[in-house]
Amino acid sequence: MTTPRHGPLGTAGARFGVFALVVVLGGTSCDFGGPSTDNPGPHWSSGQSPAPDTPANPARFTGWSDPARVGQPYGDKVPGLLTFRGNPTRTYYGSGPVPRKTPVRDWQFPRSGGLCGESTDEKGTRVWCGTGWTGQPAVFERSGRTWVVFGAYDHKIHFLDAESGERILPDFPTGDIIKGSVTVDPDGFPLVYSGSRDNFYRILAIDRGTPTELWRLSAKAVSPTMWNDDWDGAGLILDDHLFLGGENSQFHIVKLNRRYGAGGKVTVKPKLVFNAPGWDGRLLRDLDDRMVSIENSVAIHGDVVYFANSGGLVQGWDISGLKQGRKPERVFRFWTGDDTDASIAVDEAGALYVGSEYERGTARSKRVGQMMKLDPKRGADPAVWHVDDRARRPAGIWGSPALYRDLAIFDTQGGEVLGVDRTSGAVRWRFRLPGPTWQSPVVVDDVLVIGDCAGFLHAYDIADTAAAPKPLWKLRLGGCIESTPAVWRGRIYVGTRAGAFHAITPR
């Protein structure tokens, strides 16, 4: 992490020059990173259609994360957008209809003042306001009501009514700012999972009159650790297990043991059943620093968990034997050469779409690019294609890619938005917004929704994936839009660095 990525940003943001964009097809025989010698190892949302490489007549899946649910909601028990990028493969972006004419702000939270709090990083102690990277709210249906839940820079988690913007429950205070996205329990248990910069990842019960902490995991609970104690990633819950990476640079698996007590209130009795460093000796030898935190949200496809770290190490861990007591085993390794904080998106066939930053300027990052498709089935040479973005430093990708039909959509530190052919890696179209653009592109109902750092939220028609996006509208919110928007049943929810959270609705 050679450049602070979460500090306060100006409302206008910085504008950057034209970036070099180079496509390399098919990979080469260069060192694309096979298994390390340190640890050797072997249907779409509304308006979308199955993408290339969808398996024909797939057999019934019995593992952890069904590949057939790529692009689909996070299960069928809780309607909503329940975690960052919506599902275990980080490929579900919400439910329409999306406004096609300029919408209006329905409500703002808070009505006055701002979501501000002090926090300390490598630049010292400063006041941080609003919501930032990644900051996508959870929106879900519970007991006939739509909830909006998010953490903010005021050191609090907020529980709001989606229609009115009023509090459903009191705010839950933490000891520091919250940068990441919360996760709502996908199995219907009244639980919310969230990290904070105060060293803890928490499980909160929401079936009481006030949100109640049932358990918390300290970043110092495992050893060894590197870098710091924040929790940026949104955890995944599957089959009563929590999967989570931390800025302590460790990957964690927790057995939750969720139940209802005698009084009908939810209970948990978590047990940490596995943890492993997110780095290896080979990575540390290749880097000239020890910044190897896991800031992205883990993705699970089939029986493999994927994540990356600030040292650029992309990994896959086989969890097929976890329930039978077998330890996870690392089965995939690829080094991007630079900080890789964007969450990985996984397609139907198991290919990975990875966005990496360009800060260290390593020879490796120049060779393998900043936007890439990796196929773990290709063994020691998994790179299918890459696109470069390194005309200056910092550059590259902070937002997580969106998969839409035959496109992978990336946005860059410099404000460029690109539609890349998922099969060939050819750049079909690109346009520029006031950067930096750190939020992740959202596509629902053939409409791309994305914010900029001048404070505008934009919508584009991308129904024709071969043509340049057609602008539909832009709405001024004020303040850099660093967080990822949530789209749910015609409304858009997003916070900005100006200190407020907004609900946007059609006129």
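Which residue in S38 does phenylalanine 456 stand opposite? Select phenylalanine 456 in this predicted model, and look across to S38, where the residue standing opposite is arginine 476.

**The sheet around that pair**

Keep the view there and colour strand S37, residues 456-461, together with S38; the two run antiparallel and are joined by 6 bridges. Extending the selection to S35 and S36 brings up an open sheet of 4 strands, with the order S35-S36-S37-S38 and antiparallel pairing. Its edges are strand S35 (442-444) and strand S38 (470-476), each of which pairs on one side only, and from one strand to the next the twist averages 20°. Before leaving, show the side chain of lysine 474, which lies over the face of phenylalanine 456 at 4.7 Å from the ring centre.

**Another charge over a ring**

Move next to tryptophan 64 and display lysine 323 with it: the charged end of lysine 323 sits over the ring of tryptophan 64, 4.5 Å from the ring centre.

**Aromatic pairs**

A search of the whole structure finds 18 aromatic pairs. Select phenylalanine 140 and tryptophan 147, which form a stacked pair with 5.7 Å centre to centre and 25° between the planes. Phenylalanine 140 is buried, with a relative accessible area of 2%, and tryptophan 147 is likewise buried, with a relative accessible area of 5%; both count as buried because their values fall under 20%. Then select Trp107, Phe109, Phe150, Tyr493 and Phe501, which ring pairs link into a cluster.

**Arginine 360 and its partners**

Go on to the loop between strand S27 (357-358) and helix H2 (363-368), which is the place of arginine 360. At 11% relative accessibility, this arginine counts as buried, and two polar partners can be displayed around its side chain. The side chain of aspartate 289 is joined to that of arginine 360 by a polar contact of 2.9 Å, while the backbone oxygen of serine 310 lies 2.8 Å from a polar atom of the arginine 360 side chain.

**The nonpolar cores**

In soluble globular proteins, nonpolar side chains tend to be buried together. To finish, select Phe159, Phe243 and Phe251, the residues with the most contacts inside the largest nonpolar core, which has 51 residues. Strand S13, residues 200-205, can be added to this view, since it gives the most to this core, with 4 residues. A second core, separate from the largest one, has 43 residues, and selecting Ala345, Ala402, Phe410 and Ile504, which are included in it, will show where to look.

Key: Residues are numbered from 1 along each chain as its sequence is written. This is a predicted model: local features need pLDDT of at least 70, side-chain atom pairs count only at pLDDT 80 or more; totals for chains, interfaces and linings use all residues. Side-chain values use heavy atoms; hydrogens and water are left out. A nonpolar core is a set of buried Ala, Val, Leu, Ile, Met, Phe, Trp, Tyr and Cys residues joined through side-chain atoms within 4.5 Å. Buried means under 20% relative accessible area, exposed over 50%, partly exposed in between (1.4 Å probe, protein chains only). Rings of Phe, Tyr and Trp (its six-membered ring) pair if their centres lie within 6.5 Å; planes under 30 degrees apart count as stacked, over 60 as edge-to-face and the rest as tilted. A charge sits over a ring if NZ of Lys or CZ of Arg is within 6 Å of the ring centre and within 35 degrees of the ring normal. A polar contact is a pair of N or O atoms within 3.5 Å; within protein, one must be able to donate a hydrogen and the other to accept it, and residues adjacent in sequence count only if both atoms are side-chain atoms. Two strands pair if DSSP finds at least two bridges between them. Axes are lines fitted to C-alpha atoms, for helices over the stretch in contact, and angles run from 0 to 180 degrees between N-to-C directions.
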